[in-house]
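This briefing covers selected features of a predicted model. Topics are internal cavities and two sheets with their helices.

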Amino acid sequence: MNLPLFPTPAHAVPRVEGRAKVTGAARYASDVRLPRTAYAYLLTSRIGRGAVQAFDLTSARAVPGVLDILTHEMVGDAIPQRPSLYAGGYLADSVRPLGSAEVAHWGQPVAMVLAETFEAAREAAGRVDISYDEAPTAVAIDAGTVQPLEPMTVTTGDVAAAFSAAPVTVDARYSTPTQHQNPMELFATHCVWDGDRLTVHEPSQYLNNVKFGLADQLGIEPDRIRVVSTYVGGAFGAKGFLTQRTALVALAARRLGRPVVLVPTREQGFTLSGYRAETRHHVELAADRDGRLTAMRHEGWELTSRADTLAMGAASMTARLYACPNISVRVNAVAADRSTPGFMRAPGEMPYGFALESALDELAVKLAMDPVELRRVNDTLTDPVGGLPYTSRSLMRCFDEAAAAFGWAARSPEPGSMTDGDWRVGWGCAAAFYPTYAGASAARVRLTADGRVHVASAGHELGQGMTTMMAQVAAEELGVSVDRVAVAIGDSDLPPAIVAGGSSSTASVAPAIMAACAAIRRRLDAATPAAVIPAMEASGMGAVEELAEIRPHGVAPDGMRALYRGQAGPAGGVHLPDRVQFALGAQFVEVRVHALTHEIRVPRAVGAFACGRIINPRTAHSQLVGGMIWGIGSALFEATEIDERNGAYINANLAEYLVPVNADIGDVQAIMVPEEDRAVNAAGVKGVGEIGVVGVAAAIANAVYHATGRRVRDLPIRIEHVL
Ligand code: MOS
C-alpha cells in the first residue's frame, strides 16, 4: 500500500501501548497462565437442528491427562436460562449450549473436554462419539420465517401518490452476505476462582456487561467477579457482549478447583459469537427531472436465529440522509436455524448504505446527472422525517474535498468510456454515514505532587487507540506532557465505561476525563490547564483525585445506574427528541475490470470524512484507512459460505474466508475534513471507528457499473458477476 506521507502534528501521538505490542510484552487473555491451569476444548454440533441422542465418552476419557468432560448431563440447569441483550438481559444470544440435549444450530457447543494440556483436550474431543436425532432445517434467509418489526417502521408524507406522479423512478433489490469479523485474537476465556471470587480474563468490548451478566448466570454477587481485558486483539463487534462460553469455563474451573483456559478454534468462533447477518433490500426512489427526491421506500430483511429476534434496522438512518418529503421504510427479521447474529463494524450502516447509495447511483444514471450533483441537490440540514436539525453536516464538503483529491472532474460519464489498455476503468462514489452516539461513563483522575497523572476508566483497548486518547485528553486538560500520564484500562474494578461499540468510546469517555480534570482544576483554583502544575506545587498537597460521572445528552435519567449494572447503551444518532447527529463522509474509488479475464481491481480509493474533533489524527487515520480497506474486502471478497442443508459454514477459516491482502490494496487516502460540533458532546467528538467502511461497497458497485455497464446488486462482486 502506498500511503501519502502523513503529516504529524503534535497531537498525532504514537499509541502508548505500541511498544508493548510490537515487542510481545503485551499480555492477552490467552497468554495468561497460572499454576495448575487446565485446558478446555469445545466440541460443537455437526447437525443443523435436533438433539443429542447419546455420547460415548469411553475412548475420550482414556486419553492420558483428561480431567473431565462436560455435557448437558452435568451442566443442564447449573447455568440457567437468562435473557439475551435483545430481551433486556446481558447475553449475546440465549441458546444455552449445554443446557439440554437440544441443538438449535450447527456449531453449537455440545461438550467441553478438560485436560492437563491443550493437546490432550483436543485429542479427547476427537474421540467423543456423538449420536444425534437430526431434525429438518431452514438455514437460508430465503427459507426463513419473516417477522415484520413494526417499531422500526418510519413513514412520512404520501409515498404512493408521489410515486405515481414521479417522472423518474428506480426500483431495485440488493443483497449482502453473511460475514464474520475474524479478529486476529480468538475468543479466549481464562477463569480462576479464589474462594468465592472469580477472575475472568477475556477480550471484551464491555467489561461490565460480562461481569454483571456472568453474575446473573452463575447466581453470585457481581462484586465477586472481576473481568480483565487489558488488550483486545481486534473485536469489531464480535466481543461486544457476553457469550455463553464464559459461564461454561467458570463452571469448569469451579468443578476442577483449578484455573481453566479455553481458546476456541477460529472455526468454532464463527458460531460462538454474533456476526453480520445476510440482508436483502428493496429500494424504490422517485425524483423530479432535476434530481430532487420526491419519494423513497426502503425495506430491509435481516437474518436472525429462532432464539433471538434482532435486526440492525438502519433504514431508520437511510430515511434521514437526504431531503425527501415522502418516505416509507420497513425492517423485517427473518428467523432461521442459525446461531444468533450480532454486530459487525458499521452493522446496519454498511448493508443499508450499500443499498441506498447504489440506488442513488442508478437514479443518477437515469437522470443523466453527475452522482455528486445528485447528492448536492438533495443535501439537507434537516432530518426529513422528524424535521429535526442536524447538529452539523459536512456531507458536501466531504464530497467536494474527496472529488478534488480523486480528480473526479476528469471522469467521462458514459459506462465503458474509460479504458487503459486491456483494463476497463470505472469511477464511482457514495456517501458514508455513521450516527454519533455517546453513553454514560466514569473516569477517575489523580494528579500527584511530582506532576504525574493517573487516569482510570474501565475502557477497552481494541487496538483503536483508546489508551492513547485517554492519556492525551488528561495531558491536555491538566497541562502536562503525555509521557507524564499513566492510564489504567480494561479492568472491571475501575470506574465503568460504556460498551466500546457504536464508535462511541471517545465521545463517551473523553468528556468524563475532561470533567474529572476540570474538578481537579477547581480544587487547585487553576483557571487554565497551564496553571495546574504551578498551583499543585504551591498547594503543598501530595495528590488530588477526582471521579467524574457523565451522562450525555439523550441518556435516560437512570443511565448512570444502568452503567454500573453493565446495561447502559449509547444514545444519539436518530434517537434523540430534539436533533439528529451523524458523522458523514464521501467515498471515491477507481475500479479496473480486465476486458479478457474480468478480474476486478481497486487501484485507488479516496475517502473524506467529517467526524467532529479528531483527538489523535494518527490513530483516527488508521481507523479510517482500515475501515476503507475493510470496505474493499466487503465489496469484493468477504462472504461466509453456508451449507444449505445444515447451516454449516464451509469456509470458517482464514484460508478460505477471503479478505484482501496487501497485493489487493492500492492507494488508500483518508482525508479528515475539519469540523467543529460542540453540540454532540462536551468533547466535540463524533467517532471514527466505523464510518470508514460505510459506502465503500456502493462506490465500488457504482464504479463497476461505470467500467462495464453491468449493475451488480449482490455482494460480494466477483468475476462471475461481470462476465
Ligand atoms: Mo461495533 S460493530 O459497534 O463494535
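In this predicted model, the largest cavity has a lining of 19 residues, and those nearest its centre are Asp93, His105, Gln244, Thr271 and Leu272. The notes below continue with the cavities and then turn to an open sheet of five strands and an open sheet of four.

**Cavities**

- About 190 Å³ of space is enclosed in the largest cavity.
- Its lining residues comprise 10 polar, six nonpolar and three charged.
- In the structure as a whole there are nine cavities of 30 Å³ or more.
- As general background, empty space left among atoms is revealed by rolling over them a probe the size of a water molecule.

**Five-stranded sheet**

- The strand order of this open sheet is S17-S18-S25-S26-S27, and its pairing is mixed.
- Strand S17 (419–420) and strand S27 (667–672) form the edges, each of them pairing on one side only.
- S27 pairs with strand S26 (residues 600–610) in the parallel sense, over six bridges.
- Within that pairing, alanine 605 has valine 668 of S27 as its bridge partner.

**Helices on the five-stranded sheet**

- Helix H11 (residues 395–406) packs on the sheet and touches strand S18 (423–435), strand S25 (582–594), S26 and S27.
- The direction of H11 makes about 30° with that of S25.
- Helix H16 (residues 617–636) also packs on the sheet, where it touches S25, S26 and S27.
- Between the directions of H16 and S27 the angle is about 130°.
- S25, S26 and S27 are thus touched by H11 and also by H16.

**Four-stranded sheet**

- The order here is S22-S21-S20-S23, in an open sheet with mixed pairing.
- Its edge strands, strand S22 (485–488) and strand S23 (543–550), each pair on one side only.
- On average, neighbouring strands of this sheet are turned by 15° against each other, with direction ignored.
- Strand S20 (residues 441–448) and S23 run antiparallel and are joined by eight bridges.
- Opposite arginine 444 stands leucine 547, a residue of S23.
- Helix H14 (residues 532–539) lies across S20 and S23, and runs at about 60° to S20.

**Pairing in the two sheets**

- In general, the strands of a sheet pair through backbone hydrogen bonds, in either a parallel or an antiparallel arrangement.
- S26 and S27 provide an example of parallel pairing, whereas S20 and S23 provide an antiparallel one.

How values were computed. Residues numbered from 1 in each chain as written. Predicted model: local features only at pLDDT ≥ 70, side-chain atom pairs only at ≥ 80, totals over all residues. Heavy atoms only, no water. Pairing = 2+ DSSP bridges. Helix = DSSP H or I, 4+ residues; strand = E, 2+ residues; numbered from the N terminus. Contact = heavy atoms within 4.5 Å. Axes fitted to C-alpha atoms, helices over the stretch in contact; angles between N-to-C directions. 1 Å grid on protein atoms, 1.4 Å probe; cavity = no way out; pocket = protein on both sides within 12 Å on 5 of 7 lines; lining within 4 Å. Points joined across faces, edges and corners; volume = space filled by probe spheres on them. Nonpolar A, V, L, I, M, F, W, Y, C, P; charged D, E, K, R; others polar.
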